[in-house]
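Visitor: Please take me slowly through one part of this model, beginning with the way its strands are arranged and following the links that lead on from there.

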Amino acid sequence: MKKCVIIGSGLGGLSCGCILAKNGYEVTVLEQGNQIGGCLQCFHRSDVVFDTGMHYIGSADKGQTLNTILHFLGVDENCKLASLDRTGYDIISYGGEHYRFANGKEAFINSLAEHFPKNRDELERYYDLIGLVAQSSPMHSLNRHVDLNVHAEYQMRSVDEVIDSIVSDPVLRQVLVGILPLYAGEKGHTPFSTHALIFDFYNQSAFRIVGGSSLVADSLANNIRKMGGQVLTCHKVQKIECNDTEATGVITADGERFAADLIISAIHPTNTIELIDSHLIRPAYRRRLLDIRNTTSAFTVYLKFKKDTVPYMNSNLYYYRNDSVWQCEDYQDASWPKCLLYMHFCHEDHPKYAQTGEILTYMDFKEMEPWLGTQIGRRGNSYQEFKRRKAEKVIDALEAEIPGIRNSIESYYTSTPLTYLDYTGTPNGSMYGMAKDVNTLGTGSVSCRTNIPNLLLTGQSITSHGMLGVLAGSLVTCSEVLTMDEIFSQLGV
């Protein structure tokens with residue numbers, strides 16, 4: 001059996017481990033922290049649970065792409081899904097109006113056409129283009145025979161450029177990009193293809209994971225163990241060993257060595273190259289990775305509600321406080337937060353009341369400078385006061401949109417970009433890793449292959465973020481050793 005060592009136990013690492021274990025590899029997943037899962041992690045406070053990253057998923061109805069992949073990985077049997085409201089899984093609050101995104105073409109167009117009756121034809125063209133671009137991605141559509149030129153074209157055109165060329169109404173333009181926080185979209189930078197894949201993913205179907213996304217991580221880890229592999233926590237990889245031609249193994253912080261025929265790094269690419277001291281990784285490659293921008297960071301407020309006071313919200317609310325949904329990542333203290341993403345946690349089947357909720361907004365990592373180099377729990381009173389002040393501003397903003405919500409909050413907890421950095425290792429606590437940018441195509445993209453032939457990369461910076469993006473990337477990474485034909489054959493497509 002060939003030995004495969006995987007660095008990092010996020011969704012990318014665990015899914016690669018599961019695929020390769022199914023194909024005869026002896027898999028060892030090494031996680032530096034004491035909890036697996038990366039962005040799939042949940043945490044408990046006061047007998048309630050909070051998600052940290054994977055708040056809802058899409059395309060999980062029978063026969064859809066994510067459903068097919070989860071079934072292949074053996075996860076679908078262990079995770080129960082709760083469908084979001086199909087008449088409005090996402091609600092965009094902009095300019096004093098609420099706009100509902102409904103699942104499916106006809107329902108989506110009809111819902112928005114109630115507000116924009118003169119723009120029905122434009123909504124048709126927008127929706128059809130979304131489908132065309134989504135279907136041009138082999139991994140998103142699970143179709144080997146696609147027109148890659150379509151996907152390439154819309155990787156070179158920004159979201160705002162494309163939508164402005166289709167849609168004439170300035171308000172509708174804003175509404176259609178109201179899901180920007182799902183990919184930290186930037187005007188003039190983010191490719192339309194990124195928007196199209198994310199929109200299509202959720203518009204096919206949208207679900208929350210009952211009990212939290214950590215169940216996905218636990219299921220993948222258990223499946224690896226059942227196939228003879230191991231998933232080890234508190235094993236921080238300090239070095240990737242190489243000879244003159246390839247990688248030979250990894251060394252952990254406590255000096256333990258794990259020999260490997262294949263190494264897959266599921267951590268951020270710049271963190272990966274810091275582990276390598278070899279002529280096989282050229283200085284130009286190192287510099288190129290370091291020059292790629294990362295997406296913005298986030299501040300999150302985790303709400304515990306008083307018992308039976310907040311009806312469970314079966315939708316996600318995107319609330320914009322200014323006249324534009326763009327550039328919410330650019331702010332002064334007085335204007336922050338410019339936007340909120342507010343969601344409830346699904347703790348059981350068909351809950352009547354929510355136990356917990358989360359409010360997510362952008363935060364510049366520069367605000368963390370006073371506490372750089374500090375550790376969790378040891379950042380001092382100034383950090384606690386900073387978080388309290390910011391949380392109160394976020395709750396005030398939500399109160400303006402949902403009057404009375406503050407009185408239903410029993411307690412709250414917070415996370416900053418530093419928290420995200422500590423738990424995921426992503427530079428600057430970036431929400432979605434390396435930014436996709438139409439202005440840096442070629443130099444701004446990272447392949448799963450490296451100059452070290454048996455060192456591969458996976459994770460949200462390689463293809464795309466989110467559950468489907470990362471899993472698609474894992475399929476691409478594993479196809480380097482199994483072939484793409486074999487991957488599609490095992491998926492049964």
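Guide: Two strands are said to pair if DSSP finds at least two bridges between them, and the strands themselves are DSSP runs (E, at least two residues), as helices are (H or I, at least four), all numbered from the N terminus. What you see is a predicted model, in which local features need pLDDT of at least 70 and side-chain atom pairs count only at pLDDT 80 or more, while totals for chains, interfaces and linings use all residues. Residues are numbered from 1 along each chain as its sequence is written, and side-chain values use heavy atoms, with hydrogens and water left out.

The part to look at is an open sheet of 5 strands with parallel pairing, in the order β10-β2-β1-β14-β20. Its edges are formed by β10 (230–232) and β20 (455–457), each of which pairs on one side only. Further in, β1 (residues 3–7) runs parallel to β2 (residues 26–30) and is joined to it by 5 bridges; in one of these bridges, K3 has E26 in β2 as its partner.

From the edge strand β20 we can move to the side chains, where the count comes to 21 salt bridges, a salt bridge being a side-chain nitrogen of Lys or Arg within 4 Å of a carboxyl oxygen of Asp or Glu. One of them joins R449 and E480, at 3.0 Å from N to O. This pair links distant parts of the chain, since R449 lies in the loop between α14 (417–424) and β20, whereas E480 belongs to helix α15, 31 residues apart. R449, at 48% relative accessibility, is partly exposed, and E480, at 34%, is partly exposed too, where buried means under 20% relative accessible area, exposed over 50% and partly exposed in between (1.4 Å probe, protein chains only). Elsewhere, D333, E367, R389 and K390 are joined into one network by salt bridges that share partners.

The salt bridge at E480 brings us to α15 itself, which covers residues 466–482, 17 residues in number. From its first C-alpha to its last it reaches 24 Å, close to the 24 Å expected (1.5 Å times one less than the number of residues). Of its 17 residues, 13 are buried, so α15 is largely enclosed by the rest of the structure, although E480 is, as we saw, partly exposed. Just after α15, T483 takes a positive phi of about 80°.
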